[in-house]
Amino acid sequence: MKTDVLIIGGGVTGLFTAVSLLEQGCRNIVIIEKSYIGSGGTFRCATGIRASFTSREHVNVMKRAIDLWPEYARKLGFLYRRDGYLWVLTRERDVEFFKQVVEFHHSLGVPSRMISPEEVREIVPSINTNGILAAVYDPLAGKAQVFNAVLNAVIHLKRNNINVYEGMRALKISDEGSRIVVETNKGRVEADKVIVAAGKDSANLLKGLGVELPIHNLAKHVLITEAFKPVIKPLIIDWSSSSYILQVFHGNIYIGSDIPEKYDEPAVNKYMFLEKAAKVWTRYFPWLGEVYVLRYWTGYYDMTPDHHPIIGPLEENENILVAAGFSGHGFMMAPAVAEALTQYILGGKPTIPEFENLKPDRFKKGKLIKEIAVFG
Amino acid sequence: MNVGIDPRKVIVCRCENVTLADVLNAIESGLDNLEVLKRKLRIGMGQCQGQTCLLLVAGILARKTGKSFDEVLIPRNRPPISPVKVKYFIGDER
Ligand SMILES: Cc1cc2nc3c(=O)[nH]c(=O)nc-3n(C[C@H](O)[C@H](O)[C@H](O)COP(=O)(O)OP(=O)(O)OC[C@H]3O[C@@H](n4cnc5c(N)ncnc54)[C@H](O)[C@@H]3O)c2cc1C
């Protein structure tokens, strides 16, 4: 099989990139996914979208993504809404820290602000604010429907005669001069350009070319309850316990909570997670105790040393591009990443200059991304 | 598939109110495995966790695509097997 662009990985990154390339008139694209579409991080994610970060790179890339999300929602037919993010703070030192964070946000045009417990109750009427000293509210942040975003992208691509192959695994990438050759479990694919958007597996695939990408998987735990009418609008983070809660568009309540995990250990279900999630969130929402848990699953964050993704062409061969290591933020970024990869493929530079700081060679060159503080 | 009745009136998943027509349309749009059909239609994601609909949809999918029943991927079950209230996970406060 021959193609202009081969995309390895059928997650949100690979699929949105194909949609963006198609928009720019590039029609000869093949996507291969080793399992089923979305089976990596994508279908497990909380769907949160925000620009309130602590590095210039994250802020500017996410702001671009937030500009693009409504266009994707319209084009592909899924829900996206700016329902906000809310960080609830229960310790004095956290309030002091977040004052600096808010100042940083303002310097880059992100409209977050410090609010009182009374204002928290106005935004989330059913919350118990006992113990909350203050909160940070980001009204530009929001959420989107992940299943429809990704599966409608697949339907859109198939309608435009772009092949999306499931159950097809890339085994080896080689550079044969004028073309890149990818061996798969279902035969060879030759391509002018290859985009590796395969999460941590991207590192294994590129090792064969002598390129080292420092990506490690970190297990994360999530539960979801039965569905209700809208009761909680923003995504809420309890900063001191590293836990979050949001109500997805379908109405289910989605809860994530950190428990101790080590890099590259298998993700297995742990009772400790259910206990922590229940304890933290029934304190804020006593009614939650009576709600039924439907499912508990795990997933991986593909982490890099500076918690920022690796995006762009390889220094060694600019016909091979990477987009991986999203460190827990790859869903929200996807429309901006798709645009930047399209610009690289078409021979240009990304609209958002900070993408150039995310290139794969930054680790080798010791140019890691700096944050004002290390942050969720 | 000829079932002799209007597929828009045949309910396949009672929890999420999914009809046979929804299933057939999704398969025709190119979503041809159970894992993606589950997420597109929400079959198996309701209160009963797919106890009736998943097998029905697997059957429809096998017939529509000509695959054998075994080839039609069966989604992994997520715990708990049946819904449990949040308060039961809180445990003893010592
Ligand atoms: C619990 C949880 C909550 C999250 N919450 C959020 C959130 O609120 N907001 C946010 O922005 N992000 C969130 N994330 C992170 C987000 O889900 C990911 O960053 C994002 O989905 C990454 O998309 P991707 O396409 O790059 O990778 P993936 O979705 O992992 O896709 C990579 C794909 O490549 C395939 N693949 C791997 N190797 C090969 C191979 N050799 N050949 C072919 N295919 C291959 C995999 O099967 C996989 O489907 C969360 C993640 C988790 C686990």
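**Two domains and a ligand between them**

The centres of domain 1 and domain 2 of chain A, taken over C-alpha atoms, are separated by 30 Å. Domain 1 comprises 2–47 + 146–215 + 305–365, and domain 2 comprises 81–142 + 217–299; these bounds come from an automatic or database domain assignment. Between the two, 8 residues of domain 1 are in contact with 12 residues of domain 2, where contact means heavy atoms within 4.5 Å.

A word on the model helps before going further. This is a predicted model, in which local features need pLDDT of at least 70 and side-chain atom pairs count only at pLDDT 80 or more, while totals for chains, interfaces and linings use all residues. Residues are numbered from 1 along each chain as its sequence is written, chains are lettered from A and ligands numbered from 1 in the order in which they are written, and side-chain values use heavy atoms, with hydrogens and water left out. The model scores ipTM 0.88 and pTM 0.96. For chain B, the average pLDDT (the predictor's confidence in each residue, from 0 to 100) is 87, and 93% of the residues score at least 70.

The ligand is a good place to start exploring. Both domains of chain A give residues to the shell around the ligand, so it lies between them. There are 38 residues around the ligand, and Thr13(A), Glu33(A), Thr42(A), Gly330(A) and Met332(A) come nearest; a residue is near a molecule if one of its heavy atoms lies within 4 Å of it. By type, the shell divides into 18 nonpolar residues, 15 polar and 5 charged. In this grouping, Ala, Val, Leu, Ile, Met, Phe, Trp, Tyr, Cys and Pro count as nonpolar, Asp, Glu, Lys and Arg as charged, and the others, Gly among them, as polar.

Several atom pairs can be picked out here. An oxygen atom of the ligand lies 2.9 Å from a backbone N or O atom of Gly48(A), and a backbone N or O atom of Phe331(A) lies 3.1 Å from an oxygen atom of the ligand. In the side chain of Asp201(A), an N or O atom is 2.9 Å from a nitrogen atom of the ligand. Of the 1,000 Å² of accessible area that the ligand has on its own, the protein covers 95% (Shrake-Rupley method, 1.4 Å probe).

Helix H8 of chain A also holds Gln343(A); helices (H or I, at least four residues) and strands (E, at least two) are DSSP runs, numbered from the N terminus. The side chains of Gln343(A) and Thr351(A) are joined by a polar contact of 2.7 Å, that is, a pair of N or O atoms within 3.5 Å, one able to donate a hydrogen and the other to accept it, with residues adjacent in sequence counting only if both atoms are side-chain atoms.

Finally, Pro79(B) and Pro80(B) are joined by a cis peptide bond, with omega about -10°.
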